[in-house]
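User: I've got a model open and want to know how its labels are justified. Can we go through them one by one?

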Amino acid sequence: MLLDTHCAASSDVSSDEAVASFQSLFPAPEGGAIASGLLVEGRQGVMAMASLGSGSKGNGTLIRTREALVLVDCGFTLKDTEARLARLGVHPSQLDAVLVTHEHGDHLSGVGPLARRHKIPVHLTVGTWLAGRAKKLGILPTRHLITPQLEFAIKDLEILPVTVPHDAREPVQFVFSRRGETTARRLGVLTDLGHVSEHVLQCFSDCDALVLEFNHDPQMLAKGPYPPSLKRRVGGRFGHLANAQACAALPYLGLARLQRLVASHLSEHNNHPSLAREALAPWLEGDDSRLIIAAQDSGFGWQAIA
Ligand SMILES: [Zn+2]
Ligand SMILES: [Zn+2]
């Protein structure tokens, strides 16, 4: 179980704004409504992402294409998940799948209840499934075992699971792209890793949008309240990324191409949004219009990647 806890940064995205933003990206057919579960039409080429919340109290990221809508991880109670989805204009019955990165509670605890209640297929590695069963994942209505480094598709969404260095049984993070598109957009979700391996750099380079872990500031971690063993774990090579580690990876990942960079999974005790911004400032050269800091309570609202 992940013991690190994370911050609840403020968000200025209201519920109404989030729903309006979703509807403008994927307008419902005349007379239709998002909440009714109707398949909505989106503009060609558009991918979008939004977050239910980010941090060790729960994670959930939505990825949307014209045809597909998937949730990456679910670390919230069923009631909380439904409320957070509604805030983003989504009914659980619209989800094509839940993808699970690893078995830590902030990513897995809500997966079983959500999947059973709304009969949603779950995609996960065999290691995450085996470890998750030991953590009360329970019976899943439909289980798809995925293989790291082997691409699979859900409707028009292509998904690459990538092995990451983290202290779980078989953890992966994901790169998303549109199936069969000539100028494919790439969207990466990359949290919960202790260091940026060569393999991670290769797989996540040249994304158009990136959700990247900015877990801690090493000085805050060193001076903070955690016991020594937990400090070693968080700051270790199979723990979580420090602000400077995330920044150092950016030139190799292809910062110039990013339409959106989301700093996510910030530690409540060992980081602060202002420190993440400060670390990023030299890389963004004073222009933080592409930057979003994901919050534990409110995540972030719909972001279109055109
Ligand atoms: Zn986590
Ligand atoms: Zn984790």
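User: What makes strand 1 and strand 14 a pair?
Analyst: Pairing takes at least two bridges. Strand 1 (residues 47–53) and strand 14 are joined by four bridges, so they count as a pair, and they run antiparallel. One partner to look up in strand 14 is A304, bridged to A48. Keep in mind that this is a predicted model.

User: Which sheet does that pair sit in, and why is strand 14 called an edge strand?
Analyst: The sheet is an open one of seven strands, in the order 6-5-4-3-2-1-14, with mixed pairing. Strand 14 (300–305) pairs on one side only, as does strand 6, and that is what makes these two the edge strands. The twist from one strand to the next averages 25°.

User: How do you know which way strand 5 and strand 6 pair?
Analyst: Strand 5 (residues 122–125) and strand 6 (residues 143–146) share four bridges in the parallel sense. With a threshold of at least two bridges, they therefore qualify as paired. L124 has L145 as its bridge partner in strand 6. Between the two strands the chain passes through helix 5 (residues 126–134), making a right-handed β-α-β crossover. "Right-handed" is used because, with the strands pointing away from you, the path over the helix runs clockwise.

User: Where does helix 5 lie, and what about helix 2?
Analyst: Helix 5 lies across strand 5 and strand 6, at about 100° to strand 5. Helix 2 (residues 78–87) lies across strand 1 and strand 2 (60–64), running at about 140° to strand 1.

User: What's the order of the sheet that holds strand 9 and strand 10?
Analyst: That's another open sheet of seven strands, 7-8-9-10-11-12-13, again with mixed pairing. Its edges are strand 7 (152–154) and strand 13 (291–293), each pairing on one side only. Ignoring direction, neighbouring strands here are turned by 20° against each other on average.

User: And how do you know strand 9 and strand 10 pair?
Analyst: Count the bridges: four join strand 9 (residues 172–178) to strand 10 (residues 186–190), and the requirement is at least two, so they pair. They run antiparallel. S177 has R186 in strand 10 as its bridge partner.

User: What makes a set of residues a nonpolar core, and which residues have the most contacts inside the largest one?
Analyst: Members have to be buried, of a nonpolar type, and joined through C-beta atoms within 7 Å. The largest such core here has 79 residues, and those with the most contacts inside it are V70, V98, V111, F174, L210, L212 and V262. Strand 1 gives the most to this core, with five residues. For V98, leaving aside neighbours within four places in sequence, the contacts are L71, C74, V111, L114, A115, I120 and V122. Across the chain, buried residues make up 51% of the 306.

User: Which stretches are low in confidence, and why be wary of them?
Analyst: pLDDT stays under 50 over residues 1–14, and also over residues 28–44. On a scale from 0 to 100, the chain averages 88, with 84% of the residues at 70 or above. The model does have 47 contacts beyond four places in sequence for residues 1–14, and 28 for residues 28–44. Where pLDDT is low, though, the predicted coordinates should not be read in detail.

Methods: Residues numbered from 1 in each chain as written. Chains lettered and ligands numbered in written order. Predicted model: local features only at pLDDT ≥ 70, side-chain atom pairs only at ≥ 80, totals over all residues. pLDDT = per-residue confidence, 0-100. Contact = placed C-beta atoms within 7 Å. Buried ≥ 20, exposed ≤ 12 C-beta atoms within 10 Å, placed from the backbone. Axes fitted to C-alpha atoms, helices over the stretch in contact; angles between N-to-C directions.
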